[in-house]
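Here are a few exercises to work through with the model open in your viewer. Try each one before you read its solution.

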Amino acid sequence: MRFNKKRFIYIISPLKIKKSFFYDLIDVLKQKKVNFFQLRLKKESFKKKFTIGKKIKRICKKFDVKFLINDDVYLAKKLNADGCHLGQKDISIFEARKIIGKKKIIGITCHNSIRLAKISIKNKADYIALGAFNSSKTKRIKYKASINLLKKTRKITKTPIVAIGGINSDNYKKLLLNKANFLAISGYIWNNKKLKPLEAIKNFK
């Protein structure tokens, strides 16, 4: 998978998309720090996700950002997204490849498990997501990952690693210094009580 090494942010959408979101997204992507955008809407209908996805896809394309869909391979296919992200309880990477095609990006959640990371690497995932590295307001934390896990995983693979979980402007550098390729960020950008999305993204230098 080719990616821009200067762009290290992997943005995950807020759980609810308001009208103002699209303007904020343009402002955020203009900063040229984002490599991936993941649409993660758990409670919306397929139709609503498709309508929102079409709009976001156009914005992502304009700023050369890869557009990924969380969990839903059929939505990814219908939108002709750049790929999808799969959790451990979703369909297998092999099934997903059959549906969306060999050239699409597929990333896998591996929680805090080197065993799951090894399986995903063997199955030719385009990236693996490890975490949570910090407590998060976006998602209840079931799996806590350590910097040590990040170091161990980096030693066994060149597959890109996405670090996830409560990442903000105070703790992000440690993850990059320990060879995480991308940082998955959601709450700090979209649900920040002190900063607007544009101000928040500017804090990642």
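**Exercise 1.** Which residues are buried in helix H4 (residues 93–100)?

Some ground rules before the solution. This is a predicted model, where local features need pLDDT of at least 70, side-chain atom pairs count only at pLDDT 80 or more, and totals for chains, interfaces and linings use all residues. Residues are numbered from 1 along each chain as its sequence is written, and side-chain values use heavy atoms, with hydrogens and water left out.

*Solution.* Step 1: take buried as under 20% relative accessible area (1.4 Å probe, protein chains only). In H4 that picks out Ile-93, Ala-96, Arg-97, Ile-99 and Ile-100. Step 2: these residues cover an arc of only 165° around the axis, so they sit on the same side of H4. Step 3: look for the cover, which includes helix H3 (73–79), strand S4 (83–86) and strand S5 (105–109). Step 4: just after H4 comes Gly-101, with a positive phi near 100°.

**Exercise 2.** Find what surrounds Arg-154 in helix H6 (residues 147–156).

*Solution.* Step 1: check for a salt bridge (side-chain nitrogen of Lys or Arg within 4 Å of a carboxyl oxygen of Asp or Glu). Arg-154 is buried but has none, and Asp-126, the nearest side chain of opposite charge, is 14 Å away. Step 2: try the backbone; the oxygen of Lys-179 lies 3.3 Å from a polar atom of the Arg-154 side chain.

**Exercise 3.** How many disulfides (cysteine sulfur pairs within 2.5 Å) does the structure hold?

*Solution.* The count is 0. For Cys-60, the nearest cysteine sulfur is that of Cys-84, 15 Å away.

Conventions: Buried < 20%, exposed > 50% of the residue type's maximum accessible area, 1.4 Å probe, protein only. Lys, Arg positive; Asp, Glu negative; His and termini not counted. Polar contact = N/O pair within 3.5 Å; in protein donor to acceptor, adjacent residues only side chain to side chain. Disulfide = S-S within 2.5 Å. Helix = DSSP H or I, 4+ residues; strand = E, 2+ residues; numbered from the N terminus. Arc of directions from axis to C-beta. Contact = heavy atoms within 4.5 Å.
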